[in-house]
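Q: I'm new to looking at protein models and don't know how to start. Can you walk me through one?

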Amino acid sequence: MAENKEEDVNLGANKYRETQPLGTAAQTDKDYKEPPPAPLFEPGELSSWSFYRAGIAEFMATFLFLYITILTVMGLKRSDSLCSSVGIQGVAWAFGGMIFALVYCTAGISGGHINPAVTFGLFLARKLSLTRALFYIVMQCLGAICGAGVVKGFMVGPYQRLGGGANVVNPGYTKGDGLGAEIIGTFVLVYTVFSATDAKRNARDSHVPILAPLPIGFAVFLVHLATIPITGTGINPARSLGAAIIFNQDQAWDDHWIFWVGPFIGAALAAIYHQIIIRAIPFKSGRS
């Protein structure tokens, strides 16, 4: 009886195989194949609805991200003391929590970038085409501008008086300090994105794709805790641009270059580190 039952189980396992086997033994280094790099230009994308749907998802996600986070910053600035508000920890949770939620919601549609620096890093790693990368960045920036604009519509006077959530290098720190904070902070974020979405880990450990939004959101939270006192934490050029355009005061534009140059350098370093040092992709390509 036991032998017959075992044969039935084996027959069922052979007949109905898992599309993606579960567990750490799902795929080994020996049988894993690196996905091909995305083409630099892919004109065919422009005629695909999924391409535009992904861009709309990036727009909406960045809109919601700016709306919730800038509104939280304004609530902090309006309070008489940190103790009577959410405090810096609450602001950090707003940024990290929104990224966690929005990446979870949009990962299956657009990849859940919500950040030009993330898009830039993934483009350097040939995870998406230049066409899609540029489209994502434009939609992210438009979404950020609209999100900050809605916040200003709710509180025009306080918004302008309290700085509009714009990123600036705070007193006591130099522009070099701000640039360094943005580079390292973005490196932490983009390196986490690469690690959490690594195709090889996803093939080996089936739970990784499900959990990916959690470490990404947590990385955003931790970077904000560390760098809010320095720059208010950018690590997202769309977030910085949206707040700067809607606030539109000299102080928001004086240091604005830092919040593009820093994140893009940090994203490039993270892409190089993960693809060349950790995964050794160029060396594998050379052997194949």
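A: Sure, we'll go from the whole fold down to single residues. Keep in mind that this is a predicted model.

Q: Let's begin with the overall build. How many helices and strands does the protein have?
A: A good habit is to list the secondary structure before anything else. Here you get 14 helices and 0 strands. Read along the sequence, the pattern is simply α after α.

Q: What should I know about an α-helix before I look at the residues?
A: An α-helix has 3.6 residues a turn, so residues three or four places apart point the same way.

Q: Next, what share of the 288 residues is buried?
A: Burial tells you how much of the chain is covered. In this protein, 46% of the 288 residues are buried. What the protein does expose comes to about 14700 Å², with carbon and sulfur atoms supplying 66% of that area.

Q: And how do I read contacts along the sequence?
A: You ask how far apart the touching residues are in the chain. Of the contacts with a separation of 6 or more, 80% are between residues 24 or more positions apart.

Q: Where does UniProt place the feature "transmembrane region"?
A: Records like this are worth laying over the model. The unreviewed UniProt entry puts that feature at residues 51–76, 88–113, 133–151, 210–230 and 257–278. Now compare two of those spans with the model. Residues 133–151 are 100% helix, and their end C-alpha atoms lie 27 Å apart. Residues 88–113 are 73% helix and 0% strand, with 24 Å between the end C-alpha atoms.

Q: How do I read a salt bridge, and how many are there in the whole structure?
A: Look for oppositely charged side chains that meet, then check which parts of the chain they come from. A search of the whole structure finds 2 salt bridges. In one of them, the side chains of Arg132 and Glu45 come together at 3.0 Å, N to O. Arg132 belongs to helix 5 (residues 130–154) and Glu45 to the loop between helix 1 (2–15) and helix 2 (49–78), so this pair ties together parts 87 residues apart in sequence. Both Arg132 and Glu45 are buried.

Q: What about the salt bridge of Asp255 and Lys175?
A: Their side chains meet at 2.3 Å, N to O. This pair also links distant parts of the chain, 80 residues apart: Asp255 sits in the loop between helix 12 (250–254) and helix 13, and Lys175 in helix 7 (residues 175–196). Check the cover on each partner too. Asp255 counts as buried at 9% relative accessibility, while Lys175 is partly exposed at 42%.

Q: Someone told me to check phi angles. Which residue in the loop between helix 10 (213–231) and helix 11 (237–247) should I look at?
A: When a residue other than glycine has a positive phi, give it a second look. Thr233 lies in that loop, and its phi is about 65 degrees. Ile235 is in the loop between helix 10 and helix 11 too, with phi near 50 degrees. Thr233 is buried, at a relative accessible area of 0%, and Ile235 is buried as well, at 2%.

Q: Let's move on to helix 11. Is it mostly covered or mostly open?
A: Mostly covered: 10 of its 11 residues are buried. Among them are Pro237, Arg239, Leu241 and Phe247. Look at both ends of this helix as well. At its start, a side-chain oxygen of Asn236 comes within 3.1 Å of the backbone nitrogen of Ala238. Just after helix 11, Asn248 has a positive phi of about 55 degrees.

Q: Which residues make the nonpolar surface patch of about 430 Å²?
A: For a patch, look for nonpolar side chains grouped at the surface. This one is made by Ile272, Tyr273, Ile276, Ile277 and Ile278. Ile278 is in helix 13 (residues 258–278), and it is partly exposed at 41%. Gln275 is in helix 13 too, but it is buried, at 11%. The Gln275 side chain makes a polar contact with the side chain of His274, at 3.0 Å.

Q: One last residue: where is Pro215 found?
A: Pro215 is in helix 10. At 34% relative accessibility, it counts as partly exposed. Leaving out residues up to four places away in sequence, Pro215 touches Thr192 and Ala196.

Notes:
Residues are numbered from 1 along each chain as its sequence is written. This is a predicted model: local features need pLDDT of at least 70, side-chain atom pairs count only at pLDDT 80 or more; totals for chains, interfaces and linings use all residues. Side-chain values use heavy atoms; hydrogens and water are left out. Helices (H or I, at least four residues) and strands (E, at least two) are DSSP runs, numbered from the N terminus. Buried means under 20% relative accessible area, exposed over 50%, partly exposed in between (1.4 Å probe, protein chains only). Contact means heavy atoms within 4.5 Å. Accessible areas come from the Shrake-Rupley method with a 1.4 Å probe; for residues, only the protein chains shown count as cover. UniProt positions are given in the numbering used here, feature names are shortened, and annotations may be inferred rather than shown by experiment. A polar contact is a pair of N or O atoms within 3.5 Å; within protein, one must be able to donate a hydrogen and the other to accept it, and residues adjacent in sequence count only if both atoms are side-chain atoms. Patches are made of residues with over 30% relative accessible area and no salt bridge: like charges are joined within 9 Å, nonpolar side chains (Val, Leu, Ile, Met, Phe, Trp, Tyr) within 5 Å. A salt bridge is a side-chain nitrogen of Lys or Arg within 4 Å of a carboxyl oxygen of Asp or Glu.
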